Amino acid sequence: MSASLGLYRLQQVDRQIDRAQARLEAIRKTLENDTELKAALTRMETAQANHHRALHELKFTETEAETQKIKVEQTEASLYGGGVKNPKELQDLQKDVESLKKHLATLEERELEAMIGTDSAADELQTAKTDLDGIQSRLGNEHKSLIEERSALARQLENLTEEREAALSPISVDQLRIYEDLRRQKRGVAVAEVEDDACAACGTTINAAVQQSARSQKSLIHCPSCGRILFAN
Ligand SMILES: [Zn+2]
């Protein structure tokens with residue numbers, strides 16, 4: 001077996017480990033990133049508070065208008081009841097009725113505004129609820145499949161770790177150090193296959209003599225251009 005074959009096999013396992021770990025990291029971020037859900041919850045809480053306030057306001061304006069109506073009725077009863085005969089007193093009562101009715105109109109206007117406010121707050125609350133339900137159900141499904149994928153990746157990583165142990169056995173400590181340094185420097189690819197007389201990583205032509213050396217059992221041969229370890233079949 002050539003010295004580079006062992007490293008080539010190790011790299012195949014390491015590349016799979018890299019991919020599984022990158023995917024796990026992406027899944028972790030997705031599961032933790034619940035910005036959308038938080039925003040929908042905040043909208044829902046705001047809508048609930050607004051609706052509550054609107055209902056309170058409506059009740060308050062209803063009571064005020066009702067109280068004012070009773071005052072008008074009572075004053076009118078005095079005015080038309082026949083108990084008061086004095087013209088000056090009657091005139092005063094008439095003025096009171098007019099002024100009480102004027103204020104009643106204002107209060108009824110407020111009551112109407114409060115009703116409209118309550119309706120629109122109820123609509124907003126309903127929209128916020130529907131949105132939140134939609135997001136929760138969609139995220140629930142997405143998260144469920146991501147959690148399943150995460151479990152599968154964890155099992156895959158366990159198997160790959162065992163494969164890596166096996167792939168390490170024919171490799172010397174020195175070779176491993178060279179390999180790991182190159183992996184760090186060359187974006188995860190330390191060993192390049194020779195394909196069609198060229199380095200598969202950088203495309204540089206590799207002559208027959210160098211290819212022959214790359215099959216050597218003892219030493220590692222590097223690509224003259226990118227510096228990666230060459231592996232030739
Ligand atoms: Zn190269």
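How many Å separate the centres of domain 1 and domain 2, taken over C-alpha atoms? The separation in this predicted model is 70 Å between the two centres, taken over C-alpha atoms. The domain assignment of the protein chain places domain 1 at residues 34–167 and domain 2 at residues 172–231. The report below takes the helices of the chain, then the sheet, and then the hairpin turn.

## Helices

Three helices can be set side by side by their number of residues, their end-to-end reach and the reach expected at 1.5 Å a residue.

| Helix | Residues | Number of residues | First to last C-alpha | Expected span |
|---|---|---|---|---|
| α2 | 35–80 | 46 residues | 67 Å | 68 Å |
| α3 | 87–168 | 82 residues | 116 Å | 122 Å |
| α4 | 173–185 | 13 residues | 19 Å | 18 Å |

For α2, the distance of 67 Å between the end C-alpha atoms agrees with the 68 Å that its 46 residues should span. The reach of α3, 116 Å from its first C-alpha to its last, is close to the expected 122 Å, and the 19 Å reach of α4 is likewise close to the expected 18 Å.

The buried residues of α2 are A40, A47, H51, A54, L58, T61 and A65, and what covers them includes α3. After α2 comes G82, a residue whose phi is positive, near 90 degrees.

In α3, the residues A114, A121, L125, A128 and L160 are buried, and what covers the buried residues of this helix includes both α1 and α2. A154 is also found in α3, but A154 is exposed, because a residue with 12 or fewer other C-beta atoms within 10 Å of its own counts as exposed and A154 has 11. Although A154 and D14 are 140 residues apart in sequence, they are 15 Å apart in space, C-alpha to C-alpha. D14 falls within the residue range of α1, which is 3–32.

Which residues of α4 are buried? They are Y179, L182 and R183, and, seen down the axis of α4, the buried residues fall within an arc of 105 degrees, so they line one face of the helix. On the other side of α4, the residues V173, D174, R177, D181 and R184 are exposed. What covers the buried residues of α4 includes the helix α1 (3–32) and the strand β3 (229–231). Just after α4, R187 takes a positive phi of about 50 degrees.

## The sheet

The three strands β2-β1-β3, in that order, make an open sheet with mixed pairing. β2 and β3 stand at the edges, and each has a single partner strand, so one side of each is left without a neighbour in the sheet. Strands of a sheet pair through backbone hydrogen bonds, in either a parallel or an antiparallel sense.

Both senses are found here. β1 and β2 run antiparallel and are joined by 2 bridges; in this pairing V194 stands opposite C199 in β2, while E195 stands opposite A198 in β2. β1 and β3, by contrast, pair in the parallel sense over 3 bridges, and V191 stands opposite I229 in β3.

The helix α1 lies across β1 and β3, and runs at about 95 degrees to β3. α1 therefore takes part in two of the settings described above, since it is also included in what covers the buried residues of α3 and those of α4.

## The hairpin turn

β1 and β2 form a hairpin with 2 residues between them. D196 has its place in the loop between β1 (191–195) and β2 (198–199), and D197 lies in the loop between these two strands as well.

Is D196 buried or exposed? D196 is exposed, because 8 other C-beta atoms lie within 10 Å, against a limit of 12 or fewer for an exposed residue. D197, with 13 C-beta neighbours inside 10 Å, counts as partly exposed.

The backbone of the turn can be described through phi. D196 has a phi near 50 degrees, a positive value in a residue other than glycine, and D197 has a positive phi of about 60 degrees although it is not a glycine.

Key. Residues numbered from 1 in each chain as written. Predicted model: local features only at pLDDT ≥ 70, side-chain atom pairs only at ≥ 80, totals over all residues. Helix = DSSP H or I, 4+ residues; strand = E, 2+ residues; numbered from the N terminus. Buried ≥ 20, exposed ≤ 12 C-beta atoms within 10 Å, placed from the backbone. Expected span 1.5 Å × (residues − 1). Arc of directions from axis to C-beta. Contact = placed C-beta atoms within 7 Å. Domains from an automatic or database assignment. Pairing = 2+ DSSP bridges. Axes fitted to C-alpha atoms, helices over the stretch in contact; angles between N-to-C directions.
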